[in-house]
Amino acid sequence: MTTIPRPAARALLATALVSAVLSGCSDSSADASAGARADGPAAGKPDTTAGVTLAATLDSPIDITLRWSGRDPGAAGHVVEFATERQGPYTVLQFAPPGRRTYTHPDLIPMTPFYYRLRPYYGPASDAVGIALPPGGFGERDQRKDHGWAEPRKLPRDERAGAPRHPVTGGPDRAAAPTGLKATVMHANGVKLTWQDHARDEVGYLIEVRPAGEREYRVAAVLDADIESAGLITLPQEKKAAIRVRPLRYGQQSNIVHRTTGAETSG
């Protein structure tokens, strides 16, 4: 299960919390900042199927910016991943929405190689539900409560028998989209989500949240396949938000790019 950095409170999900490049940053643009060494990208070839080409720039000795061009019109977005060895293992940094074209990886370990790649992901999202939580933070009292309701659950096998299943695609077919999404407020910072799974080849599920006043959804959690119930510990800015879930399937990865950070400067 992949992870990206998220606030500690969401660890209650017992899921992988999840925890995203362009012209001017071509393979030959090894722009070295003071004291830093900018290696040329590794010899990965762009994935012409997905149509995405990734590039990396060393903006400072310890900051790397990724930019990419091209897009797969059927993708729900791209997963940005990094590793300190070309062969991995790779760790998820961000699930970037379709319109995103850049990601900055800041405050990195000095004198260390960093490898990056993108993978498109697919899957039809459910209809969204709105939540409006009571005031209050996630204090010690709430943290001491039983959060068994938040554990991701699959329906028993007998209850799943006979349910129609459909392949997850990157096209207009929404047959695999989850239905019946419900959000139950459990306390001032916790919501239990339930839905019906109709996908047959997903590798997982995403919980996506769009806080009130924002335009884009962001991925809040990555769940295993076949999950139909899970809890979400909300962030302070998510008191009022729209939530949806999405079955997940990955596409082919982009080219791999590589930069090595420099010596950390004082002051």
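**Strand pairing and residue environments in the predicted model**

The mean pLDDT of the protein is 81, and 78% of the residues score at least 70. Confidence falls at the start of the chain: over residues 1-49 the pLDDT is below 50, although this stretch has 146 contacts in the model beyond near neighbours in sequence. The structure is a predicted model, and the description below concerns residues outside that stretch.

In secondary structure, the protein comprises two helices and 15 strands. Of its 267 residues, 52% count as buried. The accessible surface of the protein is about 12400 Å², and carbon and sulfur atoms account for 51% of this area.

One open sheet consists of three strands in the order β1-β2-β5, with antiparallel pairing. The edges are occupied by β1 (53-60) and β5 (102-105); each has a single partner strand, so one side of each lacks a neighbour in the sheet. On average, neighbouring strands of this sheet are turned by 20° against each other, direction ignored. Strands of a sheet pair through backbone hydrogen bonds, in either a parallel or an antiparallel sense.

Within this sheet, β1 and β2 are linked by a hairpin of two residues. Their antiparallel pairing extends over seven bridges, and one of the facing positions is A56, whose bridge partner in β2 is L66. On the β5 side, β2 is joined by four bridges, and these two strands also run antiparallel. Strand β2 is mostly covered, five of its seven residues being buried.

T65 belongs to β2, which spans residues 63-69. The relative accessibility of T65 is 3%; T65 therefore counts as buried, the cut-off being under 20%. In the pairing with β5, T65 stands opposite T104. The side chains of these two threonines, T65 and T104, also make a polar contact at 3.1 Å. When neighbours within four places in sequence are left aside, the contacts of T65 are A55, A56, T57, D59, T102, Y103 and T104. Among these contacts of T65, A56 is the residue bridged to L66 of β2, while T104 is the residue that faces T65 from β5.

A further antiparallel pairing is formed by β9 (residues 179-187) and β10 (residues 190-196), which share six bridges. The connection from β9 to β10 is a hairpin through two residues. Opposite T184 in this pairing stands K192 of β10.

A225 provides an example of a loop position, lying between β12 (218-223) and β13 (227-233). With a relative accessible area of 18%, A225 falls under the 20% cut-off and is therefore buried. Residues up to four places away in sequence excluded, A225 touches K154, E202, V203 and G204. For the pair A225 and E202, the separation is 23 residues in sequence, and the distance from C-alpha to C-alpha is 5.9 Å.

Both residues examined individually are buried, T65 at 3% relative accessibility and A225 at 18%. T65 is located in a strand, whereas A225 is located in a loop.

Technical notes: Residues numbered from 1 in each chain as written. Predicted model: local features only at pLDDT ≥ 70, side-chain atom pairs only at ≥ 80, totals over all residues. Heavy atoms only, no water. Buried < 20%, exposed > 50% of the residue type's maximum accessible area, 1.4 Å probe, protein only. Polar contact = N/O pair within 3.5 Å; in protein donor to acceptor, adjacent residues only side chain to side chain. Contact = heavy atoms within 4.5 Å. Areas by Shrake-Rupley, 256 points an atom, 1.4 Å probe, with all protein chains shown as cover. Pairing = 2+ DSSP bridges. Axes fitted to C-alpha atoms, helices over the stretch in contact; angles between N-to-C directions. pLDDT = per-residue confidence, 0-100.
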